[in-house]
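Please open the structure in your viewer and keep the selection panel at hand. The tour below proceeds from the whole chain to individual helix pairs and then to single residues.

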Amino acid sequence: MLFLSSDYSDDVYAAVAEMFASNVFRPLSPSSYMAADDDECGVDGVGGGFGSEYDAASEAAAVETQQTAMAYLAFRAFVNRLAFDGVKAGPHLGRRFAGGLAHRLNAADMNERLMARDTMVRVRETCQPAHLAVLDAVVDELADFAYGYAPRHNGVIELLELVADTVVYTEVSRPAVEKLSRVLLRLLKHQYLHSFKSKLIECIRALESQHDELIPKALVFIMSIWKNHNVKTIVLLRIMVELYEWCNKESWIELQLPVVCHISKFFSDYDFQLAEESMNFWIRIMHDNIKYWQGRKDDIRVVVDALKKVKRTHWNSDCVNMACNLLNIMVMKNVIKDSCVEDPEEMFQEGKSKVINYYDYISQKMLKPLVNPSKSTV
């Protein structure tokens, strides 16, 4: 039997929303707030706990999911009915309802997080008035994680997926875009950035269609992290490389000189992987903007000096060979002159006396954090 939308009164929508909220919107189990270990990231799926306490917490979360699963299924069945009217349901599926669902995305059990995510998507699709409420609830949940009010969040990946999908298919107001932009930029400073890097980049790219200055702002924000906090993580460099592909040319013309000045500082870093990837990024920038750099004979000196420092002092032979090759390529591309490549003999001898060998690298980058864990970096 087919029901018309008029068959469902306002009281029915209110009762269904109340039924769902009463059964699902309960305090999260303690396992959702378990402090992350040193080897564990802030999101579920990387790292993990062991032992009887962890097993008991996981079992409790699974039991809770079994208890709430029936409420999820009943609510989804109601929303999927032909008689469901999103306009009538709107007042009962507003900001508080969306906030309760967003909070359940921090549940310890993955199955419940998936049910909560699918329910939010379905509400967004069938209830037009709830579009902005869903986005606002997700952004607030992300903000708690980004600003440290929730030091651990099991569903940050799902939250970022919801944000990316929403901004692609929904027109978002300017204030909401600005708020979301601030939260996404703040996530770049999070200590567990490596665990959700790809989804964060996806969100920034999706939001760029409604905020054409977001990618340049992200690049500037990364440079400010490097400058003000002395954080030299390879994760931030890789994010910058990916965002570089999507940065509009007009903004990049203004940004590329400060970006190159920052990455050139990494050429001689102890971490050979960071050094190699930063030099690879430079050669890519130079090839893409060759005419620009052919006319910047004074500014290019920063890069040349950094590459020469690698030749003189770096412990890794691959980095030294790479620096030599880059200098030769820059000569071939008419970016620098032959005379810029070689150092005077006294400078070369001074550099040799400062060479950082492999054992220094091991002691400074691997053994020191074991002695003083509080100063180790991500």
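Of the 378 residues in the chain, 47% are buried. The model is a predicted one, and every value quoted here is computed from it. With the whole chain selected and coloured by secondary structure, 18 helices and zero strands appear. A surface representation of the chain corresponds to an accessible area of about 19,400 Å²; carbon and sulfur atoms hold 54% of that area. A contact map of the chain offers a further view: among contacts with a separation of 6 or more, 77% join residues 24 or more positions apart.

**First stop: H7 and H9**

Select residues 156-169, which form helix H7, together with residues 197-208, which form helix H9. Two packed helices are described by the angle between their axes and the distance between the axes. Here the angle is about 15° and the axes are 9 Å apart. Angles under 35 degrees count as roughly parallel, and H7 and H9 are therefore roughly parallel to each other. The crossing in which H7 passes H9 is left-handed.

Now display the side chains at this contact. On H7, show Ile 157, Leu 160, Glu 161, Val 163, Ala 164, Val 167 and Val 168. Facing them on H9 are Lys 199, Leu 200, Glu 202, Cys 203, Ala 206 and Leu 207. Coloured by class, the residues of the contact of H7 with H9 comprise ten nonpolar and three charged, with no polar ones.

**Second stop: H8 and H10**

Move to helix H8 at residues 174-187 and helix H10 at residues 214-229. Their axes lie 10 Å apart and meet at an angle of about 30°, which makes H8 roughly parallel to H10. H8 passes H10 in a right-handed crossing. To see the contact, select Glu 178, Ser 181 and Leu 185 on H8, then Leu 214, Lys 217, Ala 218 and Phe 221 on H10. In the contact of H8 with H10, four residues are nonpolar, one is polar and two are charged.

**Third stop: H10 and H11**

Keep H10 selected and add helix H11, residues 234-244. What is the angle at which H10 and H11 pack? The angle is about 160°, and the axes are 10 Å apart. Angles over 145 degrees count as roughly antiparallel, so H10 and H11 are roughly antiparallel to each other. H10 passes H11 in a left-handed crossing.

The H10 side of this contact consists of Ile 215, Ala 218, Leu 219, Ile 222, Met 223, Ile 225 and Trp 226. The H11 side consists of Leu 236, Leu 237, Ile 239, Met 240 and Leu 243. In the contact of H10 with H11, twelve residues are nonpolar, with no polar and no charged residues. Ala 218 of H10 also belongs to the contact with H8.

**Fourth stop: single residues**

Select Leu 132, which is located in helix H6. Is Leu 132 buried, partly exposed or exposed? Its relative accessibility of 47% places Leu 132 in the partly exposed class. Add Ala 98 and draw a C-alpha to C-alpha distance: the two residues are 9.6 Å apart in space and 34 residues apart in sequence.

Continue to Tyr 149, in the loop between H6 (131-146) and H7. Tyr 149 is exposed, with a relative accessible area of 67%. Beyond its neighbours within four places in sequence, Tyr 149 is in contact with Ala 143 and Asp 144.

Finish at Asn 334, in the loop between helix H16 (317-332) and helix H17 (345-352). Inspect the backbone torsion there: phi of Asn 334 is near 60°, a positive value in a residue other than glycine.

Conventions
Residues are numbered from 1 along each chain as its sequence is written. This is a predicted model: local features need pLDDT of at least 70, side-chain atom pairs count only at pLDDT 80 or more; totals for chains, interfaces and linings use all residues. Side-chain values use heavy atoms; hydrogens and water are left out. Axes are lines fitted to C-alpha atoms, for helices over the stretch in contact, and angles run from 0 to 180 degrees between N-to-C directions. Helices (H or I, at least four residues) and strands (E, at least two) are DSSP runs, numbered from the N terminus. Angles under 35 degrees count as roughly parallel, over 145 as roughly antiparallel, 65 to 115 as roughly perpendicular and the rest as oblique. A crossing is left-handed if the near helix is turned anticlockwise from the far one by less than a right angle, and right-handed if clockwise. Contact means heavy atoms within 4.5 Å. Ala, Val, Leu, Ile, Met, Phe, Trp, Tyr, Cys and Pro count as nonpolar, Asp, Glu, Lys and Arg as charged, and the others, Gly among them, as polar. Buried means under 20% relative accessible area, exposed over 50%, partly exposed in between (1.4 Å probe, protein chains only). Accessible areas come from the Shrake-Rupley method with a 1.4 Å probe; for residues, only the protein chains shown count as cover.
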